[in-house]
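Got the viewer open? Let's take a walk through this one, stop by stop.

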Amino acid sequence: MNLQKYARQTSLKEIGMEGQKKLLEKAILIIGLGGTGSAAAELFSRLGVKKLIMIDRDKIENTNIHRQILYNYNDIGKFKAETAANKVKEINPDIEIEFYNDTFDSSKINLIEKADLVYDGTDNMTTRFIINDACNKFNTPWVFTSANEVYGEAKGIIPGKTSCYACYNNKPENIPSCAVTGVINTLPVNISSFAVNIGMKIMLGENIDGDLYFIDVYNISIHSIKINRNPGCRSCSKGEYDYLTMYYSNMGKSILS
Ligand SMILES: [Zn+2]
């Protein structure tokens, strides 16, 4: 493959030709193609990877357009995953694409098995616990993101190396979605840019700290807290994958909001 189109990043000491070749061997699964997920799909496709697998059951609504930068007004009513797949093909035709207009739940963890990195673009804790258990089971690194109001969170997770999502969260809680809280339109792009950078470092084989980062884009602040591995963690320490059971295999609107 001609790597000339990646010249501005292969000339970086952080990536180089060797790094670019590593990236071009990676398959990435993006779960949730909303604010942060759709921006991540664009960034990963421009970065240059082997394959993007994308899953989201939702259709594009007019209230999405102010912040979900991959979509336009004429996309309203179309499936997000399918629309994202079409846009990404236009951005970088060399990337293999797989998409599912469907809910991600414990019946879809084969998608995680196929991925080298998972990007969490979801908006609820239950799905994140499923992702976390599956990533620990298959030893797949992932990046957690969330974005509400004017602040968001991001954390890289490498099974066996960093703390995992269940190390510091006990059980799913009902967190108000951005449909309730509102969300400023600069936030998802900021968070996804930060999180894709963490994912890039993981794919390049670099160590990450596994800290939980908080970004407030309106008040312009970023801080982090250290999250150590929890030796009592049911998922990453004991290998008890509570969220991969059948109970979480048919998640409809009643569970996911
Ligand atoms: Zn853990």
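A quick term before the first stop: donors are N, O and S atoms within 2.8 Å of the metal. Keep in mind as you go that this is a predicted model.

**Stop 1: the zinc ion.** Select the zinc ion and show the side chains around it. Its protein donors are the SG atoms of C164, C167, C233 and C236, lying 2.3 Å from the ion. Along the sequence, these donor residues follow the spacing C-x2-C-x65-C-x2-C. What arrangement do the 4 donor atoms make around the zinc ion? It is tetrahedral, because the angles they subtend run from 97 to 118 degrees. For reference, the ideal angle for four tetrahedral donors is 109.5 degrees.

Now switch on a surface and look at the cysteines again. Are they buried or exposed, taking C233 as the example? C233 has a relative accessible area of 2%, so it is buried. C167 also counts as buried, at 11% relative accessibility, and so does C236, at 17%; the cut-off for buried is under 20%. While you have cysteines on screen: the structure holds 0 disulfides.

**Stop 2: the aromatic rings.** Next, select Phe, Tyr and Trp. The structure holds 9 aromatic pairs. Zoom in on F129 and Y243, a stacked pair with 4.8 Å from centre to centre and 25 degrees between the planes. This pair links distant parts of the chain: F129 is in helix 6 (residues 125-138), while Y243 is in the segment after strand 8 (221-225), 114 residues apart. F129 is buried, with a relative accessible area of 2%, and Y243 is buried too, at 11%.

Widen the selection to F129, W142, F144, Y165, Y168, Y243, Y247 and Y248. Ring pairs link these residues into a cluster.

**Stop 3: a charge over a ring.** Jump to K59 and F79. Here the charged end of K59 sits over the ring of F79, 5.0 Å from the ring centre.

**Stop 4: the whole protein.** Zoom out and switch to cartoon view. You should be looking at 8 helices and 8 strands. The radius of gyration is 17 Å, close to the 18 Å that the globule rule gives for 257 residues, so the protein is as compact as a globular protein of that length. Turn it around: along its principal axes, the C-alpha trace spans about 50 × 40 × 40 Å. To finish, colour by accessibility: buried residues make up 54% of the 257 residues.

Methods
Residues are numbered from 1 along each chain as its sequence is written. This is a predicted model: local features need pLDDT of at least 70, side-chain atom pairs count only at pLDDT 80 or more; totals for chains, interfaces and linings use all residues. Side-chain values use heavy atoms; hydrogens and water are left out. Donors are N, O and S atoms within 2.8 Å of the metal (3.2 Å for Na, K and Ca); water is not among the atoms, so sites may look incomplete. Four donors count as tetrahedral if all angles lie between 85 and 135 degrees; four count as square planar and six as octahedral if opposite donors are over 155 degrees apart and all others between 65 and 115; anything else is irregular. Buried means under 20% relative accessible area, exposed over 50%, partly exposed in between (1.4 Å probe, protein chains only). Rings of Phe, Tyr and Trp (its six-membered ring) pair if their centres lie within 6.5 Å; planes under 30 degrees apart count as stacked, over 60 as edge-to-face and the rest as tilted. Helices (H or I, at least four residues) and strands (E, at least two) are DSSP runs, numbered from the N terminus. A charge sits over a ring if NZ of Lys or CZ of Arg is within 6 Å of the ring centre and within 35 degrees of the ring normal. A disulfide is a pair of cysteine sulfur atoms within 2.5 Å. The radius of gyration is taken over C-alpha atoms; the globule rule is 2.2 Å times the number of residues to the power 0.38.
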